[in-house]
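I opened this one to go through the sheets, the DNA contacts and the rings. My notes are below, in the order I looked things up.

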There are 2 protein chains.
Amino acid sequence: MDMDPVFRALADPSRRALLDRLHTENGQTLGELCEGLTMSRQAVSKHLVLLEEANLVAVVWRGREKLHYLNPVPIAEIADRWIGKFERARVKALVDLKRELESDDEKA
Amino acid sequence: MDMDPVFRALADPSRRALLDRLHTENGQTLGELCEGLTMSRQAVSKHLVLLEEANLVAVVWRGREKLHYLNPVPIAEIADRWIGKFERARVKALVDLKRELESDDEKA
DNA sequence: GTTATAGGCAACTGTTTGGTTGCATGTCAA
DNA sequence: TTGACATGCAACCAAACAGTTGCCTATAAC
């Protein structure tokens, strides 16, 4: 699985807001997702396309309505496979930095 | 804490690669981080600035050398405060989608 | 059938971004 | 002190991006 589209999709605040909206109420139509937003329907639609391509949103057509469903799996995979690696390094990094600063002090 | 700079910094593959390099070996200089890369030193330097601004990298000057240290804390915070929310919704979302698809079948 | 509704497609625009190059500055070493 | 080394600053460029507008298609409702 390529995580790059996921990272890129998550980089935009508008798209994260859309995920938040779906998190609050799943299965909304494009029109519903546009309500209360300042940008045009087209802008929202484009954002949703990127979210779909990142597999963060799944769609189901019902007649002329397109229902959008949050798919948290890619987010979970990022947490598992990518963030976990750095989380494990957390304490180590702080220790490294502390040691480096101390060796600086010795030189001063 | 504003997570937006973190998300934006993580959106670029080159910057994630730099974090990987620091994860492998912490406290590298700009010159060291440039080794083996195709892009110019300036390009790497700019990426590092963004990583610093996102607080993902901490720097320590030692003479004319700038040592770069990975700071995994913002990544951990994203995992805790943002991803956790969606992770909790994971099963719920799948159930929602399944129910919706089934109600579609009934209509067909 | 006609009309309103939900959404898609394509062209265009201003801004951001990732990258380059050239030059300037500060630090170590001979 | 002179030169080499490590980095920063500024201007510039092409491509990507977020957003708009106008028009087209398909479904639902009357």
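These entries start with the folds of the two protein chains and then go to the DNA.

**Entry: what I'm looking at.** This is a predicted model, so I read every distance and angle below as a property of the prediction.

**Entry: sheet in chain A.** I began with the strand order. Chain A has an open sheet of three strands, ordered β1-β3-β2, with antiparallel pairing. I noted β1 (28-29) and β2 of chain A as the edge strands, each pairing on one side only.

Next I followed the pairing of β2 (residues 57-62) with β3(A): six bridges join these antiparallel strands. One position I looked up is A:Val59, whose bridge partner in β3(A) is A:His68. Another is A:Arg62, which stands opposite A:Glu65 in β3(A).

The two strands make a hairpin with two residues between them, and A:Gly63 in that turn has a positive phi of about 65°. I then checked what packs on the sheet: α2(A) lies across β1, β2 and β3 of chain A, at about 90° to β3(A).

**Entry: sheet in chain B.** What order do the strands of the open sheet take here? I read β1-β3-β2 in chain B, with antiparallel pairing. β1 (28-29) and β2 (57-62) of chain B each have a single partner strand, so one side of each is left without a neighbour in the sheet.

I looked at β1(B) more closely. Two bridges join β1(B) to β3 (residues 65-70) of chain B, and the strands run antiparallel. In that pairing B:Thr29 has B:Leu67 in β3(B) as its bridge partner.

On the other side, β2(B) and β3(B) pair antiparallel over six bridges. I found B:Arg62 standing opposite B:Glu65 in β3(B). In the hairpin, with two residues between the strands, B:Gly63 takes a positive phi near 65°. Helix α2 (residues 13-24) of chain B lies across β1, β2 and β3 of chain B, and I have the helix at about 90° to β3(B).

**Entry: DNA strand C.** I listed the protein residues around this strand and got 24, the closest being A:Gln42, A:Arg64, B:Ser40, B:Lys46 and B:His47. By class, the surface near strand C has five nonpolar, nine polar and 10 charged residues.

Which parts of the chains supply that surface? At least two residues each come from α3 (30-34), α4 (41-53) and β3 (65-70) of chain A, and from α2 and α4 (41-53) of chain B. The largest share is five residues, from α4(B).

Then I asked what the protein touches on the DNA side. Of the strand C atoms within 4 Å of the protein, 54% belong to sugar or phosphate and the rest to bases.

I pulled out some polar pairs:
- A side-chain N or O atom of A:Gln42 is 2.7 Å from a base nitrogen of strand C.
- For A:Ser45, a side-chain N or O atom is 3.2 Å from a phosphate oxygen of strand C.
- B:Ser40 has a polar side-chain atom 2.5 Å from a phosphate oxygen of strand C.

**Entry: DNA strand D.** I ran the listing again for this strand. Of the 24 residues around strand D, A:Ser40, A:Lys46, A:His47, B:Gln42 and B:Lys66 come nearest. The classes here are five nonpolar, nine polar and 10 charged.

For strand D, at least two residues each come from α2 (13-24) and α4 of chain A and from α3 (30-34), α4 and β3 of chain B. α4(A) gives the largest share, five residues. Of the strand D atoms within 4 Å of the protein, I get 56% in sugar or phosphate and the rest in bases.

The phosphate pairs I wrote down:
- A:Arg15 has a side-chain N or O atom 3.0 Å from a phosphate oxygen of strand D.
- A:Ser40 puts a polar side-chain atom 2.6 Å from a phosphate oxygen of strand D.
- For A:His47, the distance from a polar side-chain atom to a phosphate oxygen of strand D is 2.3 Å.

**Entry: rings.** I finished with the aromatics and found two pairs over all chains. In one of them, A:Phe7 and A:Trp82 have ring centres 5.0 Å apart and planes at 70°, so I filed the pair as edge-to-face. A:Phe7 lies in α1 (residues 4-10) and A:Trp82 in α5 (residues 73-88) of chain A, so the pair ties together parts 75 residues apart in sequence.

Methods
Residues numbered from 1 in each chain as written. Chains lettered and ligands numbered in written order. Predicted model: local features only at pLDDT ≥ 70, side-chain atom pairs only at ≥ 80, totals over all residues. Heavy atoms only, no water. Pairing = 2+ DSSP bridges. Helix = DSSP H or I, 4+ residues; strand = E, 2+ residues; numbered from the N terminus. Contact = heavy atoms within 4.5 Å. Axes fitted to C-alpha atoms, helices over the stretch in contact; angles between N-to-C directions. Near = heavy atom within 4 Å. Polar contact = N/O pair within 3.5 Å; in protein donor to acceptor, adjacent residues only side chain to side chain. Nonpolar A, V, L, I, M, F, W, Y, C, P; charged D, E, K, R; others polar. Phe/Tyr/Trp six-rings, centres within 6.5 Å; stacked < 30°, edge-to-face > 60°.
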